[in-house]
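Reader: Before I look at any single side chain, I would like to learn how to read a model of this kind. Could you take me through it step by step?

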Amino acid sequence: MTHPYQEMKDMKKHKKHYDMLGYICDAQYGIPTRCPCGGEIKTDVSPNPKYRHDFDTLPGSRYFTCKNYEIISFFDDGMHFRQPWAFGVEDEMRRLRMEVNDMAEEIAKLKRIITSTSRP
């Protein structure tokens, strides 16, 4: 039987790991600016399908990759990611379209308010 302090320490370590996996899933939307590990994101081109994530893209495709992906992916801790460029740009465009539509609705509402309260 392990000591309660050690059990609590292990439980906190596992919780931190699972929380970090959730952050990585959230970071996969849009164009990433930083990896959840804190590393920089670089844009690179895959010359051939050498990674397991290359199943749905052609060789020569662009990726957003954590600078530590190649170094640490050997250990496969799951804390770094490599996202296809097209997926990131598509998500970002979808987000920007929604933002522009919301602003257009707000401008139209303000125009209606201004024209209804102004007197000639």
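Reader: Which element of the protein has the lowest mean pLDDT, and which the highest?

Author: Where pLDDT is low, the coordinates of a prediction should not be read in detail. This is a predicted model, and among its elements helix H2 (residues 69-72) has the lowest mean pLDDT, 64, whereas helix H3 has the highest, 91. Across the protein the average is 76, with 70% of the residues scoring at least 70.

Reader: How should I read the sheet, and what is the order of its strands?

Author: One begins with the order and the direction of pairing, and then looks for the edges. Here three strands form an open sheet in the order S1-S2-S3, paired antiparallel; strand S1 (41-45) and strand S3 (82-84) are the edge strands, each pairing on one side only. From one strand to the next the twist averages 30 degrees. Strand S2 (residues 62-66) is joined to S3 by three bridges, and Phe64 stands opposite Gln83 in S3.

Reader: Where does helix H3 lie?

Author: Helix H3, which spans residues 85-117, lies across S1, S2 and S3, and it runs at about 70 degrees to S3.

Reader: Is Glu92 buried or exposed?

Author: The test is a cut-off on relative accessible area, with buried meaning under 20%. Glu92, a residue of helix H3, counts as buried because its relative accessibility is 18%. Its side chain makes a polar contact of 2.7 Å with that of Arg95, and, leaving aside neighbours within four places in sequence, Glu92 is in contact with Gly30 and Ile31.

Terms used. Residues numbered from 1 in each chain as written. Predicted model: local features only at pLDDT ≥ 70, side-chain atom pairs only at ≥ 80, totals over all residues. Heavy atoms only, no water. Pairing = 2+ DSSP bridges. Helix = DSSP H or I, 4+ residues; strand = E, 2+ residues; numbered from the N terminus. Axes fitted to C-alpha atoms, helices over the stretch in contact; angles between N-to-C directions. Contact = heavy atoms within 4.5 Å. pLDDT = per-residue confidence, 0-100. Buried < 20%, exposed > 50% of the residue type's maximum accessible area, 1.4 Å probe, protein only. Polar contact = N/O pair within 3.5 Å; in protein donor to acceptor, adjacent residues only side chain to side chain.
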